[in-house]
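Here is a short report on how two protein chains meet each other and a DNA strand. Look at the model first, then read on.

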There are 2 protein chains.
Amino acid sequence: MLQTTTAAATRHVPMPLPAREADAHRETARAIGATLELLRAHLEPQRRLLHAGDPVYQAGERFQMLHVLNAGFVKIVNLAADGREQVAGLKFRGDWIGLDGIADGRYTCDAIAMDTTEVWSFRYDALIAACAREPALLRVLHEAMSREIARDRDSMMSLCTLPADARVAEFLRFWVDSLARRGLRTDQITLRMTRAEIGNYLGMTLETVSRALSKLARENVIGFAGSARRDILVHDAHALAGAAQRPLAAAAMLQ
Amino acid sequence: MLQTTTAAATRHVPMPLPAREADAHRETARAIGATLELLRAHLEPQRRLLHAGDPVYQAGERFQMLHVLNAGFVKIVNLAADGREQVAGLKFRGDWIGLDGIADGRYTCDAIAMDTTEVWSFRYDALIAACAREPALLRVLHEAMSREIARDRDSMMSLCTLPADARVAEFLRFWVDSLARRGLRTDQITLRMTRAEIGNYLGMTLETVSRALSKLARENVIGFAGSARRDILVHDAHALAGAAQRPLAAAAMLQ
DNA sequence: CGTTCGATTGAGGAAGATCAATTAATGTGG
DNA sequence: CCACATTAATTGATCTTCCTCAATCGAACG
């Protein structure tokens, strides 16, 4: 089997109290602001305003630019040669997009705005040149790439080890957390994806997403605002995190 | 089901010419050699020889070094706070590991040798300093990170859109392709993972992996060498790719 | 030479997919 | 402003895939 004990023990930090959590959120917001400021100071970002459905870039397009979101939401859509496609990531303010294009000089996925969105774009070569003058720029770029790698692994783990209900809860938790870190309101969130898109992202059908959301609402973890059921009331973010891990807790009970 | 027809159909899909494919493989092998040479020329890699089961690094450990495989095989094992763990990646000669640690100054996963393995390790700060003197170094680093991001997305897509049998075929195809690109033999490969580990990596149980392999053997796409069924004979790598996409072809037929 | 571990295979069950019907919301053209 | 078409979401019924549980077998190892 896989050896679990040592690393799990050493890795984990003392309990994150709510205050701690709020600190972490403030710190993230500060870091995002600082990064954007740094970029603005050393490069001339080309600013673009996009509307829901507009592509930032598309798969196959020649890679020249990297992009950072200054506002809005973007989905990353991966497509296979045979036509399968999947929402492979969600991006928020401060996130970098287009990093996948560096390797082969072409973007390997679509990046689509999910709402009114402002992106700052830089030529990759100009960025590298600027990094030579300002090492802090290189640090933030590497941090962004590193974070994306770590994040993708966590997504894979959710897909592989959590049952459908928990994946939906985890998805909401991630969305809420992403908003909180950017200082946006989280008591009521607007999902900018259809049930079908959420299902595609989470590896399940739209019916399963719908049932999972209904169940969370029945358990009063979330609620629906308005009759268009895209606006979701998050009564208790911690309950969401709990719902995401409930099946694990249940499994542990049986030991 | 309708195997015989679809299998035959997928087999004669107009493949990128074998010659093309061989070119791509040679190019990859050349690039890996060049990267290792570049690293050796500009840094003093600390070489380490590891044996199966030895960690290159572990989750939670302080990040200081990046590592490149010069020989052998490494698995990346991600672990969640609640104890879930998953094989999240497989690494071969020329691959970089530890990139996930840059963001927060700590590794977020374990990297474990799956066989006798030689890793070259560099201090991250020394590497960055060297990049300033030699831009080609920065290029290969960025390319490695970019490739990993793109690759992880493809893995996610396999997990989400392919049924179990196809995921196993795709896993073997990936392994064979990785070996081919490094100039290693691919007619017979030794899986360095138990069925349980493969299943963990692919998001299924060990029994499902076993059944999928048996089925591929029954269809003569693969064979078993020796009675310890870890050595696998790959009769036709293209047939493997076909098996990975068969379910899609079948679905398209029904339209 | 027994013990343990990994792999295979079968039988039964459960999670989630598929199919289908209904409702609500949104948009369109008259 | 209203009939009408279209799209999204919900919910139920059924079916399939894959998981769970269990038995067996071979190989490796002390």
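In this predicted model, 23 residue pairs are in polar contact across the interface of chain B and chain A, both partners at pLDDT 80 or more. On the side of chain B that touches chain A, helix 4 of chain B gives the most, with 20 residues. That side has 26 nonpolar, 15 polar and 14 charged residues.

Salt bridges cross the interface too: the rule finds six between chain B and chain A. One of them joins R153(A) to E148(B), with the closest N and O atoms 2.6 Å apart.

How many residues does each chain bring to the contact? Chain A brings 56 residues and chain B brings 55. About 4,800 Å² is buried between the two chains, and carbon and sulfur atoms give 62% of that area. In chain B, R84(B), R153(B) and M156(B) lose the most area to chain A, together 16% of what that side buries.

Now the DNA. Around DNA strand C there are 19 residues, and those that come nearest are A164(A), T208(A), S227(A), S210(B) and S214(B). The 19 divide into seven charged, seven polar and five nonpolar. Helix 7 of chain B supplies the largest share of this surface, five residues. Of the strand's atoms within 4 Å of the protein, 61% belong to sugar or phosphate and the rest to bases.

Three side chains have polar atoms by the strand, as listed here.

| Residue | Atom of DNA strand C | Distance |
|---|---|---|
| T205(A) | phosphate oxygen | 3.1 Å |
| T208(A) | phosphate oxygen | 2.3 Å |
| R211(B) | base nitrogen | 2.8 Å |

Methods. Residues numbered from 1 in each chain as written. Chains lettered and ligands numbered in written order. Predicted model: local features only at pLDDT ≥ 70, side-chain atom pairs only at ≥ 80, totals over all residues. Heavy atoms only, no water. Near = heavy atom within 4 Å. Polar contact = N/O pair within 3.5 Å; in protein donor to acceptor, adjacent residues only side chain to side chain. Helix = DSSP H or I, 4+ residues; strand = E, 2+ residues; numbered from the N terminus. Nonpolar A, V, L, I, M, F, W, Y, C, P; charged D, E, K, R; others polar. Contact = heavy atoms within 4.5 Å. Buried area = accessible area lost by both parts, 1.4 Å probe. Salt bridge = Lys/Arg side-chain N within 4 Å of Asp/Glu carboxyl O.
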